Amino acid sequence: MNPLSWRKRISLAPPQWRTLINNGTIVVGMACAATASLAALNRAGLLQDLELRTYDWMYRQVPDLGVDPRIVTINLTEEDIRTQQRATPSDQVLTDLLNAIAPYEPRVIGLDLYRDLPQEPGTADFLDTLQTTSTVVITKLGNSEEDTIPPPPVSADNIGFNDLPIDPDGVVRRALLFASTDGETFYGFSLRLALRYLEDEGILPKPSVINPDYLALGETTLTPLTSDYGAYHHMDSAGYQVLLNYRSRTISHRLTFTQVLDGDFDPAWVRDKIVLIGNAAPSGKDLFHTPYSAGEAADYLMTGVDVHAQIASQLISAALAERSLIWVAPGWIEILWMFAWAVSGGAIAWAMRHPLTLGVVSLGLMVLPIGAGLVLFLGHSWLPVVAPTLALLLTASGVVVYRSYTAHQQHQMVMTLLGQSTSPEVAQALWQNRDRLIRAGKLPGQRLTASILFIDIAGFSNIAELMAPEDLMQWLNEFLEAMTDAVQEHGGIVNKFTGDGLMAAFGVPIEAESPEHIARNARHAVDCALDMGDRLQALHQSWQDRQLPTPPMRVGIFTGDVVVGSVGSRDRLEYGIIGDSVNVASRLESCHKELQVSLCRILISDETLDYVADYVVVEPWGALTLKGKQMALNVYQVLGYASAIAPDPNPEIAPSPQTDISKPVQKL
């Protein structure tokens, strides 16, 4: 379907659907712009810090699962250091420690202490004990040769590096499982421990069915991070990294060197478990910031041995299908996620009219993407929340600015078209329905039933010959001002001034949808004409005192179909009311000018009388053929109100709240 046919289909849709489509197009367009802008900022990494901080906050809301019963840590504490009177435990102390736990048959032991240099006494016994207990030891790969710390001389299968990838803000959120140096692949310390434990469970590492280059443990694929992964952008993704899914703030049962050497521990904590030995003393400086850090008043750093325990626990739980890894959506899903929130913000902002309501709702809206992101994170899915929140607010702000601009433009247009000749009630009704009535900077043609009123001063040409132009203008404006006030007070609009008269309409621009509304508009027109007669009489008294002319006037009223809307060019528009009903009302006003026996002569036809027959007293003039008309009309002169009937003091010009004002209208 070509664009022209699509636009044509839209133009043929009911007004409420056209309004919905047009408004929706604007909201979607702004949402696209906001999404594209924020996606670019996100890609540039400008939102990474905020997203990661929010990620940490969500971590702190996840229920704490407590210690992993499969792991126990033996920590070197400051008290242990004072007891041993040395900052680094000797090889003999480590030998005694390993021999103390070996009888209880731990499944695997991990020594998170550097042993590149001998720490006498007991180095020879220590190296022998490492071999007999199959203890996994550490090495440090570092960023350069100077940073490298070699392991003690043991089998390569018992070596794992303990390097941890640290984010720019100093927080450990990732785990490095494999790394390559000079073509050689190294295993991470935590991965070695997890694989040893899982081996007894019958789970061995294998290529993933998703991608043979990915590692799978059991049915779980460990998808490696890329440089642009989740909220990360331009991240150093060297090696094989995964997101670190922390289990709890306290990952394991904890023992000290002194407790183990004294035999003061429960053997069940060690039997068939992963035993990790490391330095937990603050002086050892093996401490790291984690997502939990910002929420802790004290002990906000986690020891390196605990971080490795977290990684091992995560790998084992994933392999045994106990806890899922953190799932991160592909980039295109993140874009759709951001776009959906942007559209939501724009749609809600469009629906909110009152500034205060919009402000309160906007604050509430900020909670929605964050809350949704938290719910997903509780299910181990990580979608960004900062960018969607900003997209929501940016689109909502754009809609508010756009609506303010268009409202200003529409207000100017309404004032240009209707000026000050509209009653406040009509102006308010028009303004409330501007989205439906005003399209493309114009009031589109609309067919409706209205009562048209024309007035004219009898003998104005003779008066104009006798008065000075300045006096004539002042006198005429005094007359027109009084008549205009009458129109406005009775719920009509003054459409145009005709020199010494005016044309007014009752029932526009808001369509009257029932016979009751049409009848009300007709009564308002007749009320206005009778009121004009009273005002003219008051003017005559003033004019007589000032020796000014006191002519009578003629009024013609006709009720029928008209078409209303903008008439003219884009640079010069007028509010036009056209149709045969306008011509008939004008002809009624000028009909038989010589038959002027009252101060204010009001002529109507059957089309108006049908609605006001019980409301006013009329004098039939019979069937008359008006100028330019072929068919004769029954003409009546309105003499006044019927007995015991008073005019409506509060004319209702708009449909009642129960009336659906979105009824489709017929176009020009």
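## How far to trust the model

Across the chain, pLDDT averages 85, and 85% of the residues score at least 70. Keep in mind as you look around that this is a predicted model. Confidence varies between elements: strand E1 (residues 71–76) has the highest mean pLDDT, 97, while helix H1 (residues 3–12) has the lowest, 48.

There is also a stretch to handle with care, residues 653–668, where pLDDT stays under 50. The model still gives that stretch 39 contacts beyond four places in sequence. Where pLDDT is low, though, the predicted coordinates should not be read in detail.

## Two nonpolar cores

Which residues have the most contacts inside the largest nonpolar core? They are Leu 177, Leu 222, Leu 243 and Trp 382, in a core of 54 residues. Helix H9 (residues 304–319) supplies the largest share of this core, with 8 residues. A second core, separate from that one, has 41 residues, and Leu 480, Ala 525, Ala 529 and Tyr 615 are among them.

Trp 382 is a good place to zoom in. Leaving aside residues up to four places away in sequence, Trp 382 touches Leu 52, Tyr 55 and Met 58, then Gly 230, Ala 231 and Tyr 232. The list goes on with Leu 243, the run Ile 326, Trp 327, Val 328 and Ala 329, and finally Phe 377. Leu 243, then, is a contact of Trp 382 and also sits with it among the core residues with the most contacts.

## A three-strand sheet and its hairpin

Now look for a small open sheet: 3 strands, in the order E6-E5-E10, with antiparallel pairing. Its edges are E6 and strand E10 (240–243), each of which pairs on one side only. From one strand to the next, the twist averages 15 degrees.

Strand E5 (residues 174–181) and strand E6 (residues 184–187) are antiparallel partners over 4 bridges. One of the bridge pairs is Ala 179 with Phe 186 in E6. The two strands make a hairpin with 2 residues between them, and in that turn Asp 182 has a positive phi of about 55 degrees.

Phe 186 also leads to another part of the chain. Ala 156 is 30 residues away from Phe 186 in sequence, yet their C-alpha atoms are 9.2 Å apart in space. You'll find Ala 156 in the loop between strand E3 (136–139) and strand E4 (159–161). Is Ala 156 buried or exposed? Ala 156 counts as exposed because its relative accessibility is 53%, and the cut-off for exposed is over 50%.

## A mostly covered helix

Helix H7 (residues 189–199) is mostly covered, with 9 of its 11 residues buried. The buried residues are Phe 189, Ser 190, Leu 191, Arg 192, Leu 193, Ala 194, Leu 195, Tyr 197 and Leu 198. Notice that Ser 190 and Arg 192 are on that list too.

## The loop between H18 and E22

Glu 594 lies in the loop between helix H18 (580–590) and strand E22 (600–605). With 59% relative accessibility, Glu 594 counts as exposed. Its C-alpha is 9.5 Å from that of Ala 458, although 136 residues separate the two along the chain.

His 592 is found in the loop between H18 and E22 as well. This residue is not a glycine, but its phi is positive, about 45 degrees. His 592 is partly exposed, with a relative accessible area of 34%.

## Unusual backbone spots

Most residues other than glycine have a negative phi, and most peptide bonds are trans. With that in mind, here are two more places to check. Asp 272, in the loop between helix H8 (257–261) and strand E12 (274–279), has a positive phi near 60 degrees. Asp 272 is partly exposed, at 36% relative accessible area.

Where is the cis peptide bond that involves Pro 121? That bond joins Glu 120 and Pro 121, with omega at about 5 degrees. Pro 121 belongs to the loop between strand E2 (108–112) and helix H6 (123–133).

## Cysteines

The disulfide count comes to 0. As for surroundings, Cys 591 is buried, with a relative accessible area of 8%, whereas Cys 32 is partly exposed at 39%.

Note on methods:
Residues are numbered from 1 along each chain as its sequence is written. This is a predicted model: local features need pLDDT of at least 70, side-chain atom pairs count only at pLDDT 80 or more; totals for chains, interfaces and linings use all residues. Side-chain values use heavy atoms; hydrogens and water are left out. pLDDT is the predictor's confidence in each residue, from 0 to 100. Contact means heavy atoms within 4.5 Å. Buried means under 20% relative accessible area, exposed over 50%, partly exposed in between (1.4 Å probe, protein chains only). Two strands pair if DSSP finds at least two bridges between them. A nonpolar core is a set of buried Ala, Val, Leu, Ile, Met, Phe, Trp, Tyr and Cys residues joined through side-chain atoms within 4.5 Å. Axes are lines fitted to C-alpha atoms, for helices over the stretch in contact, and angles run from 0 to 180 degrees between N-to-C directions. A disulfide is a pair of cysteine sulfur atoms within 2.5 Å.
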